[in-house]
Amino acid sequence: MRKVLYVGLAAAMFAAAPALAQSGSHAGSSSGAGHAMSDAAADVKTAAVIHKIDADKGTVNVTHEPIPAISWPKMTMDLPVTKRVDLAKFKAGDKVTITLKQGVDKQYRVTEITPAK
């Protein structure tokens, strides 16, 4: 009987995991390196302006437009950048399109930066 109870509890926790993952909240801030979001999403793109690049830390400070797909308002924030992004191609003041992807740790990172069209 105890084994059935444990299996039932494990199944219930597994079934509830997506709902629990979406129960987080977003409080807008100016430092986004630690942003965890409530809405799981595929890659999202937004227009942004680069203010500062810190290649040593692997971050970029940007002001981005609202991103409705992940419930982010327009804000200025620091974002971590994946290693495949060549930050040397950009400078402060550049208008760009950034692509964000949520990692398994629920943090969004910049996976691509392209010049604005």
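**Entry 1: E65 and its partner**

I looked up E65 to begin with, and at 35% relative accessibility this residue counts as partly exposed, because the value lies between the limits of 20% for buried and 50% for exposed. I then asked which side chain E65 meets in a salt bridge. The partner is K74, and the pair stands at 3.8 Å, N to O. I note here that the model I am reading is a predicted one, so I turned to its confidence before going on.

**Entry 2: Confidence**

The mean pLDDT of the protein is 77, and I found that 65% of the residues reach 70 or more. The weak stretch I wrote down is residues 2–40, where pLDDT stays under 50; for this stretch the model has 51 contacts beyond four places in sequence, and I treat these with care.

**Entry 3: The elements in order**

I counted one helix and five strands in the protein, and reading from the N terminus on I get the run α-β-β-β-β-β. Of the 117 residues in the protein, 32% are buried. I also looked at how far contacts reach along the chain: among those with a separation of 6 or more, 52% are between residues 24 or more positions apart.

**Entry 4: The sheet**

In what order do the five strands of the open sheet lie? I read the order as β3-β2-β1-β4-β5, with antiparallel pairing. The edges are taken by β3 (75–80) and β5 (108–115), and since each has a single partner strand, one side of each is left without a neighbour in the sheet. From one strand to the next, I find that the twist averages 45°.

I next followed two of the pairings. Strand β1 (residues 44–54) and strand β4 (residues 95–102) are joined in the antiparallel sense over six bridges, and as an example A47 has T97 in β4 as its bridge partner. On from there, β4 and β5 pair over seven bridges, also in the antiparallel sense, with L100 matched to V110 in β5. These two strands, β4 and β5, form a hairpin with five residues between them, and in its turn K106 has a positive phi of about 75°.

**Entry 5: The nonpolar core**

How many residues does the largest nonpolar core have? I find 21, and those with the most contacts inside this core are W72, L79, I98, L100, V110 and I113. The five strands β1, β2, β3, β4 and β5 each supply at least two residues of this core. I noticed that L100 and V110, which I had written down as bridge partners, both return in this list.

**Entry 6: Salt bridges**

A search of the whole structure finds five salt bridges, of which K74 with E65 is one. Another joins the side chains of K45 and E112 at 3.5 Å, N to O. This pair links distant parts of the chain, for K45 is in strand β1 and E112 in strand β5, 67 residues apart. K45 counts as exposed at 56% relative accessibility, whereas E112 counts as partly exposed at 35%.

I also looked up K91 and D94, whose side chains meet in a salt bridge at 2.9 Å, N to O. Is each partner buried or exposed? K91 is exposed, with a relative accessible area of 54%, while D94 counts as buried, at 16% relative accessibility.

**Entry 7: T59 and A88**

T59 is found in strand β2 (residues 59–64), and at 18% relative accessibility I count T59 as buried, because the limit for that class is under 20%. Leaving aside its neighbours within four places in sequence, T59 is in contact with K52, I53, D54, L79, P80, V81 and L87; one of these, L79, I had already listed in the core. The C-alpha atoms of T59 and M77 are separated by 9.9 Å, with these positions 18 residues apart along the chain counted as their spacing.

Last I looked at A88, which is found in the loop between β3 and β4. At 73% relative accessibility A88 counts as exposed, whereas T59 counts as buried. A88 and I53 lie 35 residues apart in sequence, and I find them 9.0 Å apart in space, C-alpha to C-alpha.

Note on methods. Residues are numbered from 1 along each chain as its sequence is written. This is a predicted model: local features need pLDDT of at least 70, side-chain atom pairs count only at pLDDT 80 or more; totals for chains, interfaces and linings use all residues. Side-chain values use heavy atoms; hydrogens and water are left out. pLDDT is the predictor's confidence in each residue, from 0 to 100. Contact means heavy atoms within 4.5 Å. Two strands pair if DSSP finds at least two bridges between them. Helices (H or I, at least four residues) and strands (E, at least two) are DSSP runs, numbered from the N terminus. Axes are lines fitted to C-alpha atoms, for helices over the stretch in contact, and angles run from 0 to 180 degrees between N-to-C directions. Buried means under 20% relative accessible area, exposed over 50%, partly exposed in between (1.4 Å probe, protein chains only). A salt bridge is a side-chain nitrogen of Lys or Arg within 4 Å of a carboxyl oxygen of Asp or Glu. A nonpolar core is a set of buried Ala, Val, Leu, Ile, Met, Phe, Trp, Tyr and Cys residues joined through side-chain atoms within 4.5 Å.
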